[in-house]
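Got the structure open? Let's go through it in a few quick questions.

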Amino acid sequence: KAKGATLTLADITLLTRLDELGDLRVFVVEDDLAHHARMLRWLEERSLIAVGMTAVTNLNEAQISGRDLNSGAVTVPLSEIGAAFLDFYFPEPPYDGAVLARALSQANVRSFAMSSVAEKNAAMIRAGALGGMRKREFASLLL
């Protein structure tokens, strides 16, 4: 796609190679609960294994820990994640979408940025995300 062109769900699927994941999970980090639920539903409708967090509380070279939609603790081994969709702002420092995009890129996980702020998507792309779009635009594709 040309720079600045609007992406479609097909473009995003191709970019993140969702159709090639096999048993790997799709990781969603999003604190907007409505958007988070729509993302998980879209992925599950595609028969993909999705895991979501509303916040990241710990990150190392082997795993990511955080809170799920019900504020429960969840830990995901990086080796089980094939693709990720990332918001930029997390409720707790020091983690944000750029930190996570960099760590996922180093673990060979394809990530896509979906912040409400275009500049934050650009920051995640510079850190290793393969693409991005504003959350509102992404959400409009999921309706």
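Here are some questions and answers on helix packing and charged pairs.

This is a predicted model, where local features need pLDDT of at least 70 and side-chain atom pairs count only at pLDDT 80 or more, while totals for chains, interfaces and linings use all residues. Residues are numbered from 1 along each chain as its sequence is written, and side-chain values use heavy atoms, with hydrogens and water left out.

Q: Which residues of helix α5 (residues 135-142) are buried?
A: Helices here are DSSP runs of H or I with at least four residues, strands are E runs of at least two, and both are numbered from the N terminus. Buried means under 20% relative accessible area, exposed over 50%, and partly exposed in between (1.4 Å probe, protein chains only). In α5, the buried ones are Lys135, Phe138, Ala139 and Leu142.

Q: Which acidic residues share a network of salt bridges with Lys135?
A: A salt bridge puts a side-chain nitrogen of Lys or Arg within 4 Å of a carboxyl oxygen of Asp or Glu. Lys135 pairs with one partner at 2.8 Å and with another at 3.4 Å, closest N to O. The network's acidic members are Glu30 and Asp87.

Q: Is Glu30 buried or exposed?
A: Glu30 sits in the loop between β1 (25-29) and α2, 105 residues from Lys135. Its relative accessibility is 0%, so Glu30 counts as buried.

Q: Why does Pro93 count as exposed?
A: Pro93 lies in the loop between β6 and α3 (97-106). Pro93 counts as exposed because its relative accessibility is 71%.
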